[in-house]
Amino acid sequence: MRRQKWPAVRGLVTAVSAVALVVSSGQPGRSSDHFDSPAMTGNPQADIGDVYAWTAPEGDRLNLAMTVVGHTFSDRLQYIFRIDSGKAFGRTTASTEIICRFPAPKMASCQLGTVDSVEGDASDAKGLESRNGHFRLFAGLRDDPFYNNVKGSLAAYGVVLAALKSGAAQPDEAGCPQLDEETIAKVGDQWRHTDGGLATNLLANWTASAIVVSVDLAVVSKGGAILAVRGSSTTSAKTLDRMARPFVGNTLLGVSPFSTDDASGDEREAFNTASAKARMSYMARIEKSLAFQDSLDGKCGNQLLANRFPAPSQRYRALATMFVDDRLWVNSAARICRQFLAVELASLAKLSLFDADCGGRSPTYDTPNMWRSLLVSGTTDDIAWDGLRGDEHPASATIFPFLAPPDPKGVDH
């Protein structure tokens, strides 16, 4: 029995050891998709940090935002919002793209399918109205609304490493490390602090370039009210970066969560640029990462969708399948937007409480804690929180361009 378990232990030790190296080196993390390949970190104008999508409370508009690490947009790239639409989660039948180019400084040129366009300086907070009135555009510097106690998270993962190396933890049949009470308490304590003190947002006052669009729902929902959104940066020949749900690349892929080694960057880049069919090859890799996340409250098997299949070997299959299809899902028929992954919770977990929630991702959501709670404890109650509740510069879900102005002393990525 021990010989059967040892490869799993060794794999987890290797993975979390890489986390420890990141902690000890003091290498800073960036936003939720900024632990990219060397190609991306060396090309900040192509490096997408986050994508947001949610409905306006009036029920007539879809709001979109994309943050880019660089403080300027490239005149050689196009930045794309792709909105797939259908009548049910997981099944889309129509697509619309909003393609933006920046041919000169402070000059934006965006096309909404074949129905509308806008061109000009969109850096004023009021934005630019498109020719046919179907969308409004902002493009310029804003405060990055993402926040995360990255160092606390890394320290918590390091506690699990120590337990695995000492033999105090062993993975169960599904690969989830079984932690004792002392280890569980240490994980929670590290997660809620930074270097032993108050939790600190590693991304405080970070400034990013942002493309913000508020578009008529009627134009982007031809296939139905259920929308699937992703953002990308591309050349005429290939996709350079792609972003939808946060944390997928940085936490579920790579040698370990938030790792910055070349191999991890290459894996994340390959996932981001792969076709839908090719991404299925990452299923087993994501399942292993989900098993690790499931362990962090000391209760293996209580993760979201963990009990969908009875066999231990398939415990994490349903959630891994959801993450492999990496799109940000929005119920555009809903006017209330409060819960990250609400469409998935309503459709896959059958939680009717979220039937009337638009889901998606608003910049006002407590997304890091919502994500952790679902993956660690299978709840939406923010149990697994990292000591932070919001960004230093609150964003808005209702007032265009939604993201706060950049801090005068903002940090340059």
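Start with the largest nonpolar core of this predicted model. It takes in 89 residues, and the ones that touch the most other members are Leu-64, Leu-137, Ile-211 and Phe-323. Pick out Phe-323 and look around: leaving aside residues up to four places away in sequence, Phe-323 touches Arg-245, Val-248, Leu-252, Phe-271, Ile-286, Leu-290, Trp-371 and Leu-375. Apart from this core lies another one, of 17 residues, including Leu-154, Tyr-157, Val-159 and Ala-163. As a rule, nonpolar side chains in soluble globular proteins tend to be buried together.

Now zoom out from Phe-323 to its helix, α10, which covers residues 317-324. Six of its eight residues are buried: Ala-318, Leu-319, Ala-320, Met-322, Phe-323 and Val-324. Those buried residues pack against α6, α7, α8, α9, α11 and α12.

Two of those partners, α9 and α12, also meet each other. Their axes come within 8 Å and cross at roughly 95°, which means α9 is roughly perpendicular to α12. On the α9 side the contact uses Leu-290, Gln-293 and Asp-294, while α12 brings Trp-371, Leu-375 and Val-376. Sorted by class, that makes four nonpolar residues, one polar and one charged.

Back to the 17-residue core, of which Leu-154 is one member. Leu-154 sits in α3, a helix of 17 residues (150-166). From first C-alpha to last, α3 reaches 25 Å, close to the 24 Å expected. Many positions along α3 are buried, among them Val-150, Leu-154, Tyr-157, Leu-161 and Leu-164. Just after the helix, Gly-167 takes a positive phi of about 85°.

Methods: Residues numbered from 1 in each chain as written. Predicted model: local features only at pLDDT ≥ 70, side-chain atom pairs only at ≥ 80, totals over all residues. Heavy atoms only, no water. Helix = DSSP H or I, 4+ residues; strand = E, 2+ residues; numbered from the N terminus. Expected span 1.5 Å × (residues − 1). Buried < 20%, exposed > 50% of the residue type's maximum accessible area, 1.4 Å probe, protein only. Core = buried A, V, L, I, M, F, W, Y, C linked by side-chain atoms within 4.5 Å. Contact = heavy atoms within 4.5 Å. Axes fitted to C-alpha atoms, helices over the stretch in contact; angles between N-to-C directions. Parallel < 35°, antiparallel > 145°, perpendicular 65-115°, else oblique. Nonpolar A, V, L, I, M, F, W, Y, C, P; charged D, E, K, R; others polar.
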